[in-house]
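Open the model in your viewer and keep the selection tool at hand. Each stop below tells you what to pick and what to look for.

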Amino acid sequence: MSARTPTAAARPRRAAARRSSGVRRRRRTAVRRRRLALGALLVLAAGAALVFLQPFADKAVRELALPLRHDDVIRQQAADKNLDPALIAAVIYAESHFRNGQTSSAGALGLMQVTPATARDIARRSGGTTFVIGDLADPQVNISYGAYHLRYLLDHYGGNEAFAIAAYNAGEGNVDRWIAAARAEGRDLSPETIPFPETRHYVDRVLAARQQYRDSYAAELGLD
């Protein structure tokens with residue numbers, strides 16, 4: 001048989017094809033390995049990013065569920081008026097959810113929803129001779145007047161927080177009448193027996209929020 005037969009001629013081609021196929025396999029294997037390595041690096045990077053970003057994500061979620069703004073003003077007013085800063089924060093949360101510029105149907109304004117009549121009375125009693133209603137749009141003034149009113153109500157009710165919170169919502173005239181009616185019936189008024197459902201729920205909401213602010217924002221409110 002001649003060395004130039006088709007079978008002999010095909011051998012180099014088959015060998016070249018095998019070499020080419022082997023090169024392609026090695027290339028595919030190398031590509032797969034690079035992809036796997038890149039995937040592993042991406043997974044590690046994503047894990048590291050999650051670890052790094054988790055505190056910020058937790059804070060963002062907390063801010064949405066339980067916002068806190070103007071904590072410096074709250075701390076200052078709490079110290080000035082001998083109030084629990086978490087209580088001030090809880091009242092702001094219940095009144096406006098820390099959204100400034102709010103106006104209620106009754107005309108109450110700002111973060112702590114202070115009515116013009118209450119603000120004028122506070123200005124008169126506190127010596128705020130330059131006060132104008134527009135000042136309630138300023139968080140510093142609004143929180144100052146709201147805290148002043150809260151301190152007044154606590155003093156009026158002998159430190160009873162539930163009564164003070166109820167009066168902040170429904171007015172001290174209503175709370176005074178509820179207390180007098182309860183006493184006339186030989187019983188004490190309790191948060192559970194407040195006649196107005198809205199005020200009853202308001203007291204519960206504020207007291208619950210105060211504990212949440214203590215738990216979640218102790219450092220920001222100066223409670224550490």
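The tour goes through helices, loops and single residues in turn. Keep in mind that this is a predicted model.

**Stop 1: the end of α2**

Select residues 71-81, which form helix α2. Now pick Lys81, a residue of that helix. Is Lys81 buried or exposed? Its relative accessibility is 10%, and the cut-off for buried is under 20%, so Lys81 counts as buried. Show its side chain together with that of Asp80. The two side chains make a polar contact at 3.2 Å. Next, display what lies around Lys81 beyond four places in sequence. Lys81 touches Ser144, Ala147, Tyr148 and Arg151 there.

**Stop 2: Asn82, in the loop**

Step on to Asn82. This residue sits in the loop between α2 and α3. Check its backbone torsions: phi is near 55°, a positive value, and the residue is not a glycine. Switch on the surface. At 62% relative accessibility, against a cut-off of over 50%, Asn82 counts as exposed.

**Stop 3: α2 against α3**

Add helix α3, residues 85-96, to the selection. Two packed helices are described by the angle between their axes and the distance between those axes. For α2 and α3 the angle is about 125°, and the axes are 8 Å apart. An angle between 115 and 145 degrees falls in the oblique class, so α2 and α3 are oblique to each other. The crossing is right-handed.

Which residues meet here? From α2, select Ile74, Gln77 and Ala78. From α3, select Pro85, Ile88, Ala89 and Ile92. Colour the contact by class: 6 residues are nonpolar, 1 is polar and none is charged.

**Stop 4: Gln113, in the next loop**

Move along the chain to Gln113. This residue belongs to the loop between α3 and α4, where α4 spans 116-126. Its phi is positive, about 50°, although Gln113 is not a glycine. Its relative accessibility is 11%, under the 20% cut-off, so Gln113 counts as buried.

Follow the side chain of Gln113 to the backbone. What does it reach at 3.4 Å? The partner is the backbone nitrogen of Ser104. A polar atom of the Gln113 side chain also lies 2.8 Å from the backbone oxygen of Gly110. Then widen the selection, leaving out neighbours within four places in sequence. Gln113 is in contact with Glu95, Gln102, Thr103, Ser104, Ala108 and Asn142.

**Stop 5: Leu153 in α5**

Select helix α5, residues 139-156, and centre on Leu153 within it. Its relative accessibility is 0%, so Leu153 counts as buried. Draw a distance from its C-alpha atom to that of Glu172. The separation is 7.7 Å, with the two residues 19 places apart along the chain. Glu172 is also one of the contacts of Leu153, along with Ala164, Ala167 and Tyr168, once neighbours within four places in sequence are set aside.

**Stop 6: α6 against α7**

Select α6 (residues 161-170) and α7 (residues 172-184). Their axes come within 7 Å and cross at roughly 130°. That angle makes α6 oblique to α7. On the α6 side, show Phe163, Ala166, Ala167 and Ala170. On the α7 side, show Glu172, Asn174, Val175, Trp178 and Ile179. By class, the contact has 7 nonpolar, 1 polar and 1 charged residues.

**Stop 7: α6 against α8**

Keep α6 and swap its partner for α8, residues 197-216. How do the axes lie? They come within 9 Å and cross at roughly 125°. α6 is therefore oblique to α8. The crossing is right-handed.

Light up the contact from both sides:

- In α6: Glu161, Ala162, Ile165, Ala166, Tyr168, Asn169 and Ala170.
- In α8: Glu198, Thr199, Tyr202, Val203, Val206, Leu207 and Arg210.

Colour by class once more. The residues of this contact divide into 9 nonpolar, 2 polar and 3 charged. Finish on Ala166 and Ala170 in α6, which meet α7 and also take part in the contact with α8.

Note on methods
Residues numbered from 1 in each chain as written. Predicted model: local features only at pLDDT ≥ 70, side-chain atom pairs only at ≥ 80, totals over all residues. Heavy atoms only, no water. Helix = DSSP H or I, 4+ residues; strand = E, 2+ residues; numbered from the N terminus. Buried < 20%, exposed > 50% of the residue type's maximum accessible area, 1.4 Å probe, protein only. Polar contact = N/O pair within 3.5 Å; in protein donor to acceptor, adjacent residues only side chain to side chain. Contact = heavy atoms within 4.5 Å. Axes fitted to C-alpha atoms, helices over the stretch in contact; angles between N-to-C directions. Parallel < 35°, antiparallel > 145°, perpendicular 65-115°, else oblique. Left-handed = near helix turned anticlockwise from the far one by under 90°. Nonpolar A, V, L, I, M, F, W, Y, C, P; charged D, E, K, R; others polar.
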